[in-house]
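Hi everyone, and thanks for coming. Let's take a few minutes to walk through a structure together, one piece at a time.

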Amino acid sequence: MGKFVVSTRKNGEFQFVLKAGNGQIILVSEGYTTKTACLKGVEAVKKNAPIDERYERKTSKNDKHFFNLKASNGQIIGTSEMYESKAACENGIESVKKNAPDADVEDETVK
């Protein structure tokens, strides 16, 4: 089962990552100025993850594949790692769809 891990960046911003059951990071958020906003981002991922139309599939300048998960307003709420192939990228999307909706949230900001 997947989990969201909320942490603090070196610049003081909050971010979350979504990890698959095997511990691999499958989605990374932007930086948020407050923990509350970051947790709202987690909820937005949970809500939007099952909807295929929310995934923007892209190719980088060096021909790696990645995706952005967008909210209903079009704002990016998470970005994947870079994948070598389109098929691997699609597997990443399926992993987010499977892991995000019921994932627990682990808060590492209080450590």
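Let me begin with a question: not counting residues up to four places away in sequence, which residues does F4 touch? The list runs F16, V17, L18, V42, V45, K46, A100, A103, D104, V105 and E106. Before we go on, please keep in mind that this is a predicted model.

Let's stay with F4 and look at its ring. The structure holds four aromatic pairs. In one of them, the rings of F4 and F16 have their centres 5.7 Å apart and their planes at 75 degrees, so this pair is edge-to-face. F4 sits in strand β1 and F16 in strand β2, 12 residues apart, so the pair links distant parts of the chain. Both F4 and F16 are buried.

F16 has another ring beside it, that of Y32. Here the centres are 6.3 Å apart and the planes are at 20 degrees, so the pair is stacked. This pair also links distant parts of the chain: F16 is in β2, while Y32 is in the loop between β3 and α1, 16 residues away. How accessible are these two? F16 has a relative accessible area of 0%, and Y32, at 9%, counts as buried too. Put the three together, and F4, F16 and Y32 form one aromatic cluster.

Now let's widen the view to the core. As a general point, nonpolar side chains in soluble globular proteins tend to be buried together. In this model, the largest nonpolar core has 25 residues, and the members that touch the most others are F4, F16, L18, V45, F67 and V96. Which elements supply at least two residues each? They are β1, β2, β3, α1, β5 and α2, the last of these covering residues 86-99. The element that gives the most is α1, with four residues.

So let's turn to α1. This helix has 14 residues, from 35 to 48, and at 1.5 Å a residue it should span 20 Å; its end C-alpha atoms are 20 Å apart, which agrees. Which of its residues are buried? They are C38, G41, V42, A44, V45, K46 and N48. For those of you wondering about the spacing, an α-helix has 3.6 residues a turn, so residues three or four places apart point the same way. And what lies over the buried residues of α1? The cover includes strands β1, β2, β3, β5, β6 and β7.

A quick word on cysteines, since C38 came up. C38 counts as buried at 0% relative accessibility, and C89 counts as buried at 3%. The number of disulfides comes to zero.

Next, the strands around β5. Five of the six residues of β5 are buried, so this strand is largely enclosed by the rest of the structure. On one side, β5 pairs with β4 in the antiparallel sense over five bridges, and E56 stands opposite N68 in β5. β5 also runs antiparallel to β6, with three bridges joining them. In that pairing, L69 stands opposite G78 in β6.

G78 deserves a closer look. Is it buried or exposed? It is buried, with a relative accessible area of 1%. Leaving aside neighbours within four places in sequence, G78 is in contact with L27, V28, S29, F67, N68 and L69. There is also a link back to an earlier name: the C-alpha atoms of G78 and L18 are separated by 9.0 Å, although these residues are 60 apart along the chain.

Finally, let's visit the turns. Most residues other than glycine have a negative phi. D63, in the loop between β4 and β5, has a positive phi of about 65 degrees although it is not a glycine. The hairpin of β4 and β5 has five residues between its strands. At 56% relative accessibility, D63 counts as exposed. S60 is found in that loop as well, but at 15% S60 counts as buried. Not counting residues up to four places away in sequence, S60 touches F66 and M82. In the hairpin of β5 and β6, which also has five residues between the strands, G74 takes a positive phi near 90 degrees.

That's the tour, and I'm happy to go back to any part of it.

Terms used. Residues are numbered from 1 along each chain as its sequence is written. This is a predicted model: local features need pLDDT of at least 70, side-chain atom pairs count only at pLDDT 80 or more; totals for chains, interfaces and linings use all residues. Side-chain values use heavy atoms; hydrogens and water are left out. The expected span of a helix is 1.5 Å times one less than its number of residues. Buried means under 20% relative accessible area, exposed over 50%, partly exposed in between (1.4 Å probe, protein chains only). Contact means heavy atoms within 4.5 Å. Rings of Phe, Tyr and Trp (its six-membered ring) pair if their centres lie within 6.5 Å; planes under 30 degrees apart count as stacked, over 60 as edge-to-face and the rest as tilted. A nonpolar core is a set of buried Ala, Val, Leu, Ile, Met, Phe, Trp, Tyr and Cys residues joined through side-chain atoms within 4.5 Å. A disulfide is a pair of cysteine sulfur atoms within 2.5 Å. Two strands pair if DSSP finds at least two bridges between them.
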